[in-house]
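This report is a guided reading of one model for someone who has not seen it before. Please keep the sequence and the structure in view while following the text.

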Amino acid sequence: MTAADQLCQLYLISPPDPGGDFPDRLARALGAGPVAAFQLRMKQADDEAVLAMAERLMPICADHDCAFILNDRADLAARLGADGVHLGRSDGDIGEARALLGRDAQIGATCHDSRHFAMEAGEAGADYVAFGAFYPSDTKETTHRPDPEILTWWSTMFVLPCVAIGGITVENAQPLVDAGADFLAVSGAVWKHPDGEAAGVRAFADVLGV
């Protein structure tokens, strides 16, 4: 999961409760257009449920050249051989995750609206930093609302990719792309698209020019 030259890419996040038919839905989404990464986020599920779902989804991601990222749990990511892990502010240490997953793993860090957190994450060895929520989201409760300018500041000062997250839709994505986001992290706008997840991905492909 690396930033392409001047090209913002799509980063899909699972719905909180994917459901038994979700592997088919993910296959349709990834088959509809370029998706750089997919994050499995099942915060309320037990470990066995997360592992079982991940084992069904990882081959689909591999078939579509899409990085499989597990939310929060570096230990489970290591068991699975996942491509990486995304760590929230209270969900683990970047150095410990690196020791578990190895130097080739993709490790992302939630930084909310904090330049300080982002610089700390970069110094600790994160592969990308995530800012948000830029817009209200019904996927998770949000309390931080950064200005898109933080993306411009980061992309101007640092080579490390930045991810914009939080309530992003086709209609409100362009200011984040223009501000310098390397990736748009999207959930509901794809999985709840009225014409299905494939149509959701195609709509973002049009916005991103891919």
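In this predicted model, a useful place to begin is D65, which sits in the loop between helix 2 and strand 3. The phi angle of D65 is positive, at about 55 degrees, even though D65 is not a glycine. Most residues other than glycine have a negative phi. Is D65 buried or exposed? D65 is exposed, because its relative accessible area of 71% lies over the 50% that marks exposure.

A second residue with such a backbone angle is D72, found in the loop between strand 3 and helix 3 (74-80). The phi of D72 is near 75 degrees, again a positive value in a residue other than glycine. D72 is buried, since its relative accessible area is 12% and the limit for burial is under 20%.

Two other residues with a computed accessibility are E96, which belongs to helix 4 (residues 94-101), and A105, which lies in the loop between helix 4 and strand 5. The table sets these residues beside the two already described.

| Residue | Relative accessible area | Class |
|---|---|---|
| D65 | 71% | exposed |
| D72 | 12% | buried |
| E96 | 55% | exposed |
| A105 | 6% | buried |

For E96, the C-alpha atom is separated by 8.4 Å from that of A74, a residue 22 places away along the chain. For A105, the C-alpha atom lies 9.6 Å from that of A77, with their positions 28 residues apart in sequence. Leaving aside residues up to four places away in sequence, A105 touches D83, G84, R98 and D127.

The next topic is the sheet. Eight strands close into a barrel, in the order 1-2-3-4-5-6-7-8, and the pairing is parallel. On average, and with direction ignored, neighbouring strands of this sheet are turned by 25 degrees against each other.

Some of the pairings can be followed strand by strand. Strand 1 (residues 9-13) runs parallel to strand 2 (residues 37-40), and three bridges join them; in this pairing, Y11 stands opposite A37 of strand 2. Helix 2 (residues 47-63) lies across strand 2 and strand 3 (67-71), and its direction is at about 170 degrees to strand 2. Strand 3 pairs in turn with strand 4 in the parallel sense, over three bridges, and here the bridge partner of I69 in strand 4 is G84. Between strand 4 (residues 84-87) and strand 5 there are four bridges, also in the parallel sense, with I107 of strand 5 as the bridge partner of V85.

In a regular strand the side chains alternate between the two faces of the sheet. In strand 4, G84 and H86 point one way while V85 and L87 point the other way, and all of them are buried. Where does strand 5 (residues 106-112) stand in relation to the rest of the structure? Seven of the seven residues of strand 5 are buried, so this strand is largely enclosed by the rest of the structure. Both of its faces are covered, with Q106, G108, T110 and H112 buried on one side and I107, A109 and C111 buried on the other.

Buried nonpolar residues can also be considered as groups. The largest nonpolar core has 61 residues, and those with the most contacts inside it are L12, F38, L40, F131, L151 and L184. Helix 2 gives the most to this core, contributing eight residues. A second core, separate from the largest one, has eleven residues, among them Y128, A130, V163 and A185.

Which residues meet where helix 5 contacts helix 6? R115, A118 and M119 in helix 5 meet E149, I150, W153 and W154 in helix 6. By class, this contact has five nonpolar, no polar and two charged residues. Helix 5 (residues 115-124) and helix 6 (residues 149-157) pack at an angle of about 30 degrees, and their axes are 12 Å apart. The crossing of these two helices is right-handed.

One further backbone feature remains, in the loop between strand 6 (128-132) and helix 6, where A133 lies. Most peptide bonds are trans. The bond from G132 to A133, however, is cis, with omega near 15 degrees.

Terms used
Residues numbered from 1 in each chain as written. Predicted model: local features only at pLDDT ≥ 70, side-chain atom pairs only at ≥ 80, totals over all residues. Heavy atoms only, no water. Pairing = 2+ DSSP bridges. Axes fitted to C-alpha atoms, helices over the stretch in contact; angles between N-to-C directions. Contact = heavy atoms within 4.5 Å. Left-handed = near helix turned anticlockwise from the far one by under 90°. Nonpolar A, V, L, I, M, F, W, Y, C, P; charged D, E, K, R; others polar. Core = buried A, V, L, I, M, F, W, Y, C linked by side-chain atoms within 4.5 Å. Buried < 20%, exposed > 50% of the residue type's maximum accessible area, 1.4 Å probe, protein only.
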